[in-house]
Amino acid sequence: MADTSKSPPHILFLYAFHASPFIQLLFRGNGELAEASDGALRALRCQREKLPEHPWLRQTDALQLNNAVKMVARTGEPAVTAIQLPQGEIFLELTQVSLTSQQTCWVLATQTELTDTIASGSSPGLQKRKEELLANRQRWQFALEGTNIGVWDWDIQSSEVYFSPRWKEILGYRDHELPNSLEQWQQRIHPDDYQRVMQAHEPAFSKSDRLYRSEYRLRHRDGNYRWISSQGKVMSWARDGTPLRMIGTHADITERKILEEQQERMVRILEATTDSVNIATPDSTMIFWNSHGRAMVGVEPDEDVTAISFDLFHPPKSLKILTRVAIPSAITNGIWQGENVITNRHGKTIPVTQVIIAHRDQQGNLEYLSSIMRDMSPQKKVEEALRSSEQRLWRLLESTPLGVVIINSCGTIEWVNPAMCHKVHYHFESLAGHSLTKILPEESRMAWHQWFEQFGNAHTCPAKSGNSCDVGARAFWQRLFQRVLPTPAASGAWSLMSRT
């Protein structure tokens with residue numbers, strides 16, 4: 001017997017492959033037949049050295065097999081195909097295998113359980129052992145070596161199942177701690193997911209080209225639930241179309257689900273806000289725009305925002321602010337905020353306050369930009385109303401026959417109306433910036449200083465009062481009028497206004 005203890009893995013594989021009593025064929029990715037097992041040579045009634053010239057390779061079945069091999073090599077998806085041999089029709093299971101560290105694609109075609117014929121006779125016990133070895137090899141070829149994906153292998157008719165060590169590890173168990181049984185799997189499925197998971201297999205049972213896919217929750221050993229992505233395919237079928245065996249993978253996607261839930265929660269928050277919120281990639285491709293933002297500019301709820309340019313909603317001057325100031329500043333400093341103007345699809349101009357934030361990944365690379373805009377139209381209307389009201393007030397003060405003087409918290413005159421100038425016989429320029437005492441009678445000036453030192457600063461200084469029009473200030477000025485200013489009978493009606 002040859003010593004294979006120090007042989008490379010692909011040499012060991014070929015050594016076992018050649019000695020296999022099953023019908024097995026090894027193809028290159030281009031469909032070319034490279035090797036055949038002893039069982040295949042006996043089935044083809046061919047010697048190994050004459051295999052490349054065998055007439056069967058030019059038959060229709062062989063050409064169909066060649067096309068199936070190329071498909072498996074290209075897609076990586078296992079397949080089952082039928083061929084005609086001298087002993088009758090057999091089914092071959094095609095799987096992609098890697099024999100060396102080089103990126104060379106190989107496809108292994110193996111006789112499946114659908115075929116009652118085997119290439120060589122054997123005792124029932126030996127045959128069963130060979131089938132177990134074949135099944136074991138196939139399930140591990142199905143898994144991706146070196147990944148964190150578990151594997152399951154289900155004999156549908158007998159309800160026997162195999163769970164790989166990694167499958168169990170995902171749920172917190174060692175291989176020997178969790179029995180290989182369907183009940184162990186079923187009793188760990190979340191109650192809310194159970195019915196859906198049980199029904200997910202049905203499409204894969206009806207057609208051989210359909211895959212089983214399901215995402216559901218399985219209970220971990222610690223009592224918490226893990227989100228699992230399970231995929232599989234029926235690999236063996238009976239002659240009447242009954243599924244016999246399904247092989248699949250089992251991956252923990254809990255972290256992905258948590259991120260998805262966080263994103264969904266964030267979307268709900270963004271949809272609830274009355275501000276416009278949109279997100280764009282660095283190349284200005286919009287990937288999200290909340291409903292209030294869409295409504296603000298007239299974008300339909302079901303319209304694809306990736307096909308919309310945000311620039312279309314900015315008039316030229318506003319666009320210049322956006323592209324030359326706002327976005328560069330956000331990229332450099334992380335954030336920009338200011339006022340801008342946009343237009344909706346009906347041409348209406350909308351004043352907005354805008355915040356642009358640059359979002360970066362852990363390596364510092366710019367991932368996307370988000371923009372938050374608030375419609376300032378209601379506030380602008382209020383501001384315009386206040387300006388109009390203030391203008392009316394000034395016109396009233398200028399036109400009233402009552403004398404009006406405005407002083408600041410230091411007692412300095414800031415403004416007087418024409419009526420006051422006329423009453424005291426001064427021009428506006430002669431009064432502005434001077435102390436109020438300039439227009440007070442001589443006998444009232446001392447009283448003014450005493451009262452102002454005692455009450456004026458305390459009641460009118462913003463640092464001490466916080467409200468220049470509080471009740472105390474009004475009381476002070478009322479007392480001051482009565483004490484230091486001439487009475488209406490002497491000089492007419494005067495008014496005094498303070499401004500801090």
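Two strands are taken to pair if DSSP finds at least two bridges between them. Helices (H or I, at least four residues) and strands (E, at least two) are DSSP runs, numbered from the N terminus. The model is predicted: local features need pLDDT of at least 70, side-chain atom pairs count only at pLDDT 80 or more, and totals for chains, interfaces and linings use all residues. Residue numbers start from 1 along each chain as its sequence is written, and side-chain values use heavy atoms, with hydrogens and water left out.

Strand 8 (residues 212-219) and strand 9 (residues 225-237) are antiparallel and share 8 bridges. S214 stands opposite S230 of strand 9. The hairpin has 5 residues between the strands, and G223 adopts a positive phi near 95 degrees. In a regular strand the side chains alternate between the two faces of the sheet. In strand 8, Y212, S214, Y216 and L218 form the covered face. R213, E215, R217 and R219 form the uncovered one.

An open sheet of 5 strands follows the order 12-11-15-14-13, with antiparallel pairing. Strand 12 and strand 13 (335-343) are the edges, each pairing on one side only. The twist averages 25 degrees from one strand to the next (axes are lines fitted to C-alpha atoms, for helices over the stretch in contact; angles run from 0 to 180 degrees between N-to-C directions). Helix 11 (residues 316-333) packs on this sheet and touches strand 13, strand 14 (349-360) and strand 15 (366-375) (contact: heavy atoms within 4.5 Å). The direction of helix 11 makes about 160 degrees with that of strand 13. Helix 12 (residues 377-399) lies across strand 13, strand 14 and strand 15, at about 130 degrees to strand 14. At the other edge, 3 bridges join strand 11 (residues 276-280) to strand 12 (residues 286-289). I279 has F288 as its bridge partner.

The whole structure holds 7 aromatic pairs. Rings of Phe, Tyr and Trp (its six-membered ring) pair if their centres lie within 6.5 Å; planes under 30 degrees apart count as stacked, over 60 as edge-to-face and the rest as tilted. W152 and Y212 pair edge-to-face, 6.0 Å centre to centre, with 75 degrees between the planes. W152 lies in strand 6 (residues 150-155) and Y212 in strand 8, 60 residues apart. Both are buried (under 20% relative accessible area; exposed is over 50%, partly exposed in between; 1.4 Å probe, protein chains only). W394 and W415 also pair edge-to-face, at 4.9 Å and 75 degrees. W394 lies in helix 12 and W415 in strand 17 (residues 413-416), so this pair ties together parts 21 residues apart in sequence.
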